[in-house]
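Colleague: Please choose one part of this model and look at it closely, beginning with how its helices pack. I would then like to see how the neighbouring features fit around it.

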Amino acid sequence: MYDVIVIGGGVTGCAIARELSKFEGKGCVIEAGDDVCSGTSKANSAIIHAGFDAAPGSNKARLNVRGNAMMDELAEKLDISFRRNGSLVVRTAEQPEEGLRQLLEKGRQNGVPGIRIVAGEELRAMEPNLADTVVEALYAPTGAIVCPFEMTIAFAENAYENGMEFRLETTVKEIEKEEGGYCVRVEKRAADQTVTTEELHTKAVVNAAGVYADVWNNRVSENKIHITARKGEYLLLDKVAGNHVQHTIFQLPGKMGKGVLVTQTVHGNLLVGPTAKDIDDKEGVNTTPEGLDYLPDSAAVSVKNLPLRQVITSFAGLRAHEDGDDFVLGEAADAPNFYNAAGIESPGLSSAPAIGEEIAAEVAAKLGLQKKEGFKDTRKGVQHLAELSMEQRNELIRQNPAYGNIICRCEMISEGEILDAIHRPIGARSLDAVKRRTRAGMGRCQSGFCSPRVIDILNRECGIPMEQVRKNSGASNFIVGKNKEI
Ligand SMILES: Cc1cc2nc3c(=O)[nH]c(=O)nc-3n(C[C@H](O)[C@H](O)[C@H](O)COP(=O)(O)OP(=O)(O)OC[C@H]3O[C@@H](n4cnc5c(N)ncnc54)[C@H](O)[C@@H]3O)c2cc1C
Ligand SMILES: O=P(O)(O)OC[C@H](O)CO
Ligand code: FES
């Protein structure tokens with residue numbers, strides 16, 4: 001019998017799991033994907049928002065500002081790439097002045113530190129590539145960028161090291177109330193695609209199922225919620241374009257969200273997007289010609305001379321937009337011990353640390369779980385050769401020659417890093433899982449050169465037959481047959 005089952009291994013579920021692992025009790029995260037960070041948490045703008053957008057008094061406002069403030073310590077302790085680059089919401093000459101002032105006022109009410117309006121030479125000195133029509137901007141020094149993969153994986157690994165169980169490629173199929181808690185029926189899919197079912201019993205459930213969170217709330221509660229998948233499409237540019245802007249450049253927000261931004265990523269690429277379109281398909285993460293065509297002109301409203309010839313890939317993510325326009329959090333009124341972390345659209349990444357803290361405290365208080373002695377609050381990520389000095393590299397290679405074998409040339413990722421990704425807690429078993437831990441495959445050639453070599457290593461180290469090595473979940477095998485006998 002579990003004390004808590006968390007449905008969903010995205011940033012929300014993993015942040016909650018890490019906070020839960022500070023308490024005694026038996027917990028488990030159930031994730032349908034082959035890895036944590038398989039859903040929306042892997043496809044977003046990667047901004048830790050300052051917190052001026054959300055309506056004062058909302059869950060979004062409170063948890064965004066708190067989550068943002070928690071990030072410096074978390075990044076330090078959990079070894080997460082994070083940088084306070086600051087954000088600017090720009091206004092062009094044709095746009096009304098009130099927009100920025102309203103944001104400034106909301107930001108002050110939400111308790112965002114240091115926000116102010118900048119204009120003229122100061123603004124141009126901060127960002128020489130702003131569009132010529134931009135006249136002023138709301139500057140938020142606490143705006144930041146993060147690696148969402150590292151953030152989610154760090155929470156998960158640290159939770160695991162503190163006793164949390166993770167069941168991957170395991171899908172919740174049914175939840176029923178029973179004496180003393182809930183029966184959760186799951187299906188486990190093996191690498192060869194065979195499926196087994198199991199019934200798990202738990203005192204409490206935390207629903208962090210992203211775009212599917214309405215399904216599980218509505219199974220156990222009469223207080224129905226409705227989540228629409230709101231697609232956002234992006235263009236990602238090569239690192240040579242990374243310095244085109246220094247801050248995150250937003251436009252004035254609209255009805256569908258914060259609009260198209262231009263930002264440096266924490267690893268030095270340039271990101272342009274997202275679009276915002278409601279769709280019926282909760283799995284619809286494909287990009288579209290219309291979405292991608294919309295981005296260049298839209299981004300040009302805020303930033304000029306975008307080097308769009310440097311686009312290396314495009315992708316899309318789905319916002320879990322709840323009709324009430326706020327996070328749905330806490331114990332369902334008519335389903336004791338069933339806790340929601342639902343409707344977690346933007347600023348969900350920024351709020352995750354604070355959502356984790358709040359939900360875990362609620363669950364622990366209700367179940368009477370005591371604080372755990374000896375909780376380990378630090379975790380070290382994969383050591384990256386490219387970030388070391390020449391002397392440090394040589395020393396590392398002397399200790400372990402696998403660090404001298406470069407597998408991903410674009411990102412300079414060594415075999416040693418890939419072996420680390422595979423053999424660490426919740427180790428990588430697919431190409432995308434290796435990519436999210438090491439960046440192998442994220443470079444300019446987008447894995448054209450390194451994927452066969454990573455397949456080889458996964459085959460050798462994990463005993464996964466070549467033809468069963470996958471890009472991610474489901475039938476995403478790379479090798480589908482032989483084209484000649486050897
Ligand atoms: C385009 C876009 C841009 C965004 N930009 C930002 C930003 O810059 N800053 C910010 O703060 N926020 C941003 N967000 C929001 C942020 O990405 C999300 O709030 C956050 O990632 C949500 O995390 P989650 O864990 O709730 O959901 P997810 O990451 O989707 O995780 C849910 C998990 O549940 C699993 N699951 C679902 N059903 C089941 C089941 N039946 N059984 C087992 N597992 C299941 C899924 O596989 C998935 O992995 C953005 C979102 C989008 C779409
Ligand atoms: O478009 P929004 O409001 O969902 O925001 C998404 C990101 O946080 C910013 O791009
Ligand atoms: S070699 Fe790995 S992305 Fe190009």
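Modeller: A crossing is called left-handed if the near helix is turned anticlockwise from the far one by less than a right angle, and right-handed if it is turned clockwise. This is a predicted model, in which local features need pLDDT of at least 70 and side-chain atom pairs count only at pLDDT 80 or more, while totals for chains, interfaces and linings use all residues. Residues are numbered from 1 along each chain as its sequence is written, chains are lettered from A and ligands numbered from 1 in the order in which they are written, and side-chain values use heavy atoms, with hydrogens and water left out. Helices (DSSP runs of H or I, at least four residues) and strands (runs of E, at least two) are numbered from the N terminus.

The part I have chosen is helix 1, residues 11-20. A residue is buried under 20% relative accessible area, exposed over 50% and partly exposed in between, with a 1.4 Å probe and protein chains only. In helix 1, 10 of the 10 residues are buried, so the helix is largely enclosed by the rest of the structure. These buried residues include the charged-type names Arg18 and Glu19 as well as Val11, Ile16 and Leu20.

Helix 1 packs with helix 8 (residues 348-367) at an angle of about 40°, the two axes lying 7 Å apart. That angle makes helix 1 oblique to helix 8, and their crossing is right-handed. Here the axes are lines fitted to C-alpha atoms, for helices over the stretch in contact, and angles run from 0 to 180 degrees between N-to-C directions. Angles under 35 degrees count as roughly parallel, over 145 as roughly antiparallel, 65 to 115 as roughly perpendicular and the rest as oblique.

The loop between strand 20 (338-342) and helix 8 contains Pro347. The peptide bond from Ser346 to Pro347 is cis, with omega near 5°. A second cis bond joins Gly273 to Pro274, with omega near 0°. Pro274 belongs to the loop between strand 16 (270-273) and strand 17 (277-279). On the other side of strand 20, Ala332 is placed in the loop that follows strand 19 (328-331). Ala332 is buried at 9% relative accessibility.

Cys14 is among the buried residues of helix 1, with a relative accessibility of 0%. A disulfide is a pair of cysteine sulfur atoms within 2.5 Å, and a search of the whole structure finds zero of them. The sulfur closest to that of Cys14 belongs to Cys37, at 7.9 Å, which is too far for a bond. Cys37 is likewise in no disulfide, and it is buried with a relative accessible area of 0%.

A second helix pair can be set beside this one. The axes of helix 10 (residues 415-423) and helix 11 (residues 431-438) come within 9 Å and cross at roughly 115°, and the two helices are therefore roughly perpendicular to each other. Helix 10 passes helix 11 in a right-handed crossing. Between helix 11 and helix 12 (451-462) runs a loop that holds Gln446. The phi of Gln446 is near 55°, a positive value in a residue other than glycine, and Gln446 is partly exposed at 26%. Glu169 also has a positive phi, near 50°. Glu169 lies in the loop between strand 9 (165-167) and strand 10 (170-178) and is buried, at 10%.

The ring contacts complete the picture. Rings of Phe, Tyr and Trp (its six-membered ring) pair if their centres lie within 6.5 Å; planes under 30 degrees apart count as stacked, over 60 as edge-to-face and the rest as tilted. The whole structure has two aromatic pairs. In the pair of Tyr234 and Phe315, the ring centres are 4.7 Å apart and the planes at 20°, so the pair is stacked. Tyr234 lies in strand 13 (residues 227-237) and Phe315 in strand 18 (residues 311-322), so the pair ties together parts 81 residues apart in sequence. Tyr234 is buried at 3%, whereas Phe315 is partly exposed at 23%.

A charge sits over a ring if NZ of Lys or CZ of Arg is within 6 Å of the ring centre and within 35 degrees of the ring normal. Lys177 places its charged end over the ring of Tyr182, 4.6 Å from the centre. Arg409 lies over the face of Phe449, 3.7 Å from the ring centre.
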